[in-house]
Amino acid sequence: MARNLTNWNPEDERFWESEGRRVATRNLWISIPCLLCGFAVWLYWGIITVQMINLKFPFAQAELFTLAAIAGLSGATLRIPSSFFIRIAGGRNTIFLTTALLIIPAAGTGFLLQDPSTPLWQFQIMALLSGFGGGNFASSMSNISFFYPKRVQGYSLGMNAGLGNFGVTTMQILVPLVMTVGVFGGSALVLANGSGTLIGKIPAGAETYIHNAGYIWVAILAPLVIAAWFGMNNITADHVSPGLNSTAAAFGKILGMLAIGLVTAAAGLWLLLPADAGGSGLEISKWLVLPLVIAATVFALRLIPGTIRRSLDQQYAIFRNRHTWAMTVIYTMTFGSFIGYAATFGLAIKVVFGFQHIEVDGVLTHTTVNPNGPSALMYAWTGPFIGALIRPVGGMISDRLGGALVTQVVSVVMVGCALGVAYILSLAYVSPTPEDYFLPFLVLFLVLFAATGIGNGSTFRTIAIVFDKVQAGPVLGWTSAVAAYGAFIIPKVFGEQIKATTPENALYGFAAFYALCIMINWWFYLRPNAYVKNP
């Protein structure tokens with residue numbers, strides 16, 4: 001089997017039917033589980049931190065929220081260099097190496113979780129490295145976009161992203177289950193608070209193997225790395241990855257660009273975090289730091305000399321296209337919401353419904369365990385499951401009806417659901433019996449997740465229509481990079497509002513952003529005389 005494909009034209013129907021479909025399908029079905037593991041390693045902090053609370057690790061709730069936020073910011077930042085890997089290093093080379101890198105944070109997290117006295121900064125380093133999994137989405141989607149013709153890109157990108165997104169659900173189901181057995185050895189820890197799995201609650205006093213949350217992914221990743229090496233291809237045609245030289249050189253380029261992303265992400269986190277959480281103590285506003293991190297990463301990458309600089313100069317042409325910026329905002333609404341809520345959902349259930357909110361001496365307190373509260377680990381998987389499951393459907397519907405029209409409908413639904421969840425939170429977080437409000441909270445959030453999933457598919461369909469074959473891949477990567485900051489913003493905002501005892505304000509803010517996206521989508525793609533009518 002040729003590892004490098006020198007001629008690749010899926011728009012030619014004869015080529016597609018005789019050879020292209022078979023090769024593209026093989027690459028897609030190796031790409032999907034690799035991406036799935038990337039999402040799992042990136043976002044497993046939302047589940048691990050719930051169990052850390054149940055085991056009474058010596059960290060405040062606000063400190064635990066920082067772990068999901070750190071992974072979110074790192075993963076989003078690493079998507080920026082990852083957006084450009086395919087042209088510079090080739091698809092096979094990229095997917096193999098970036099999947100192999102996931103073993104480092106997975107093994108490190110498993111090791112650290114065996115000791116509750118591990119300092120917070122060591123967990124923060126593992127959260128930073130977990131960002132490898134978040135970065136992989138940009139290169140994976142860019143790679144698959146080159147294998148398929150435009151007429152089925154709603155399907156192909158929806159399958160890769162949708163089933164890849166199942167990494168969140170797979171992780172949220174598998175991690176609680178695997179923590180109940182000593183499959184990877186190590187000492188068990190004893191639960192101080194009750195926990196749970198998909199199949200039921202686990203009482204306080206039971207043993208748990210929390211370190212399995214990391215080690216399970218090492219076991220799954222090993223065969224996938226082998227499959228990527230032997231089963232995937234680089235497309236060396238002029239419009240994809242021309243002039244590939246040695247594999248070692250490709251790996252060097254990838255590692256160097258990832259290092260830049262890690263440095264800028266770490267610098268941003270240092271500016272953001274308080275001193276007692278390993279930061280500078282300046283606590284500069286995230287709305288200032290995030291643009292600085294993005295700009296610094298883009299600028300630093302462009303300073304790399306030689307072939308990387310020349311390739312990036314060509315790909316940076318996407319920043320002169322107004323549609324790049326419109327689609328970046330719109331995709332932030334859909335995928336940013338999906339990934340941010342997925343990172344926050346379990347911990348939000350634990351914090352809001354797992355404790356009673358009682359006045360003590362005239363002060364509302366939130367520290368008494370609620371014996372009737374739902375198990376976060378029983379329900380955390382449901383929203384991401386629905387969002388991921390329905391994403392390919394969103395792509396296929398958009399292939400028929402038009403991406404922008406579908407996006408507009410789901411945007412309206414997202415506004416309504418966000419406002420509804422905000423209202424429920426305003427009632428639950430001041431109630432001694434918050435479980436009374438859990439059912440409407442869960443239903444509204446599941447509809448919100450479904451809307452984000454459909455919108456994820458519809459926005460990628462719009463990108464496939466609006467941009468030519470040279471720009472579509474980098475644009476897919478770039479928009480997904482910026483949107484991935486939702487995995488940082490949403491846990492960070494929710495953690496801040498929890499601390500301020502007003503979690504509903506987070507959802508009111510998100511609803512306002514969704515309303516802005518409705519206007520942008522209409523102006524660019526749906527109004528009379530729109531820039532690109534879609535439909």
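Buried means under 20% relative accessible area. Keep that cut-off at hand. The model is predicted.

**Exercise 1. Decide whether His 366 is buried or exposed, then describe its surroundings.**

Step 1. Take the accessibility. His 366 has 15% relative accessibility.
Step 2. Apply the cut-off, which is under 20%. His 366 therefore counts as buried.
Step 3. Place the residue. His 366 lies in strand β8, residues 363–369.
Step 4. Look for a polar partner. The side chains of His 366 and His 357 are joined by a polar contact of 2.8 Å.
Step 5. List the contacts, not counting residues up to four places away in sequence. His 366 touches Phe 355, Gln 356, His 357, Tyr 429 and Thr 501.

**Exercise 2. Find where Ile 48 lies and which residues are in contact with Ile 48.**

Step 1. Ile 48 belongs to helix α2, residues 45–54.
Step 2. Its relative accessibility is 0%, so Ile 48 counts as buried.
Step 3. Set aside neighbours within four places in sequence. Ile 48 is then in contact with Thr 109, Leu 113, Ile 210 and Ala 213.
Step 4. Check a distance. Ile 48 and Asn 505 are 457 residues apart along the chain, and their C-alpha atoms are separated by 26 Å.

**Exercise 3. Test the span of helix α3 and judge how enclosed α3 is.**

Step 1. Helix α3 covers residues 61–82, which is 22 residues.
Step 2. At 1.5 Å a residue, α3 should span 32 Å.
Step 3. The end C-alpha atoms of α3 are 32 Å apart, which agrees.
Step 4. Now burial. In α3, 20 of the 22 residues are buried, so the helix is largely enclosed by the rest of the structure.

**Exercise 4. Describe the largest nonpolar core.**

Step 1. This core has 185 residues.
Step 2. Its members with the most contacts inside it are Trp 45, Met 52, Trp 217, Phe 441 and Leu 507.
Step 3. Helix α13, residues 322–353, gives the largest share of the core, 18 residues.
Step 4. Zoom in on Leu 507. Leaving aside neighbours within four places in sequence, its contacts include Tyr 341, Ala 418 and Phe 494.

**Exercise 5. Check the chain against a compact globule.**

Step 1. With 535 residues, a compact globule would have a radius of gyration near 24 Å.
Step 2. The chain has 22 Å, which agrees.
Step 3. Add the extent. The C-alpha trace spans about 75 × 55 × 45 Å along its principal axes.
Step 4. Add burial. Of the 535 residues, 63% count as buried.
Step 5. Count the elements. The chain has 20 helices and 8 strands.

Definitions and conventions
Residues are numbered from 1 along each chain as its sequence is written. This is a predicted model: local features need pLDDT of at least 70, side-chain atom pairs count only at pLDDT 80 or more; totals for chains, interfaces and linings use all residues. Side-chain values use heavy atoms; hydrogens and water are left out. Helices (H or I, at least four residues) and strands (E, at least two) are DSSP runs, numbered from the N terminus. The expected span of a helix is 1.5 Å times one less than its number of residues. Buried means under 20% relative accessible area, exposed over 50%, partly exposed in between (1.4 Å probe, protein chains only). A nonpolar core is a set of buried Ala, Val, Leu, Ile, Met, Phe, Trp, Tyr and Cys residues joined through side-chain atoms within 4.5 Å. Contact means heavy atoms within 4.5 Å. A polar contact is a pair of N or O atoms within 3.5 Å; within protein, one must be able to donate a hydrogen and the other to accept it, and residues adjacent in sequence count only if both atoms are side-chain atoms. The radius of gyration is taken over C-alpha atoms; the globule rule is 2.2 Å times the number of residues to the power 0.38.
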